[in-house]
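Q: Please take a close look at one part of this chain and describe how it sits in the whole. I would like one connected account rather than a list.

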Amino acid sequence: MAASSAEQVVTSDPIATAWEEALRLSQTQVIAALQAASYADRIILLADGRVVDDRGRSTAEQISTMLPSMEARSAR
């Protein structure tokens, strides 16, 4: 019964709307962070407290392509 009630809440329209808005907001914040980072003279990417990449000035697009490889390297 509790699982059924929880499922109804999680799959409700208000929750779906809130989730979509949260995704939009987080995407906006990521884009803003990438654009701000593109003004830096140096990009240092950290994962679990370790430097996994250290590059010079990069565009927002270049920085965004670094992130998946950074994640893979941090898992090692």
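A: Of the 76 residues of the chain, 16% count as buried. The model is a predicted one. Its accessible surface comes to about 5,900 Å², and carbon and sulfur atoms hold 59% of that area. The chain has three helices and two strands, and from the N terminus on these elements follow the order α-α-β-β-α. Among contacts between residues at least 6 apart in sequence, 27% link residues at least 24 apart.

The part to look at is the pair of strands and the loop that follows. Strand β1 covers residues 42–47, and its two faces differ in cover: Ile43, Leu45 and Ala47 lie on the covered face, while Arg42, Ile44 and Leu46 lie on the uncovered one. Strand β2, residues 50–56, runs antiparallel to β1 and is joined to it by six bridges. Within this pairing, Ala47 stands opposite Arg50 of β2. The two strands form a hairpin with two residues between them. Asp48 is in that turn and has a positive phi of about 55°.

The covered face of β1 leads on to the core. Seven residues make up the largest nonpolar core: Leu34, Ile43, Leu45, Ala47, Val52, Ile63 and Met66. The elements that give two or more residues to this core are β1 and α3. The largest share, three residues, comes from β1. Ile43, Leu45 and Ala47, named above as the covered face of β1, are all listed in this core.

After β2 the chain enters a loop that leads to α3 (60–74), and Ser58 is found in this loop. Ser58 counts as buried because its relative accessibility is 8%, and the cut-off for buried is under 20%. The side chain of Ser58 reaches back to Gly56, where the backbone oxygen is at 3.0 Å. Leaving aside neighbours within four places in sequence, Ser58 is in contact with Ser38, Ile43, Ile63 and Met66. Of these partners, Ile43, Ile63 and Met66 also belong to the largest nonpolar core, and Ile43 is on the covered face of β1.

Taken together, the hairpin of β1 and β2 is followed by a loop with Ser58 between β2 and α3. Ser58 is buried, and its contacts include Ile43 and Met66, both members of the seven-residue core.

Definitions and conventions:
Residues numbered from 1 in each chain as written. Predicted model: local features only at pLDDT ≥ 70, side-chain atom pairs only at ≥ 80, totals over all residues. Heavy atoms only, no water. Buried < 20%, exposed > 50% of the residue type's maximum accessible area, 1.4 Å probe, protein only. Helix = DSSP H or I, 4+ residues; strand = E, 2+ residues; numbered from the N terminus. Pairing = 2+ DSSP bridges. Polar contact = N/O pair within 3.5 Å; in protein donor to acceptor, adjacent residues only side chain to side chain. Contact = heavy atoms within 4.5 Å. Core = buried A, V, L, I, M, F, W, Y, C linked by side-chain atoms within 4.5 Å. Areas by Shrake-Rupley, 256 points an atom, 1.4 Å probe, with all protein chains shown as cover.
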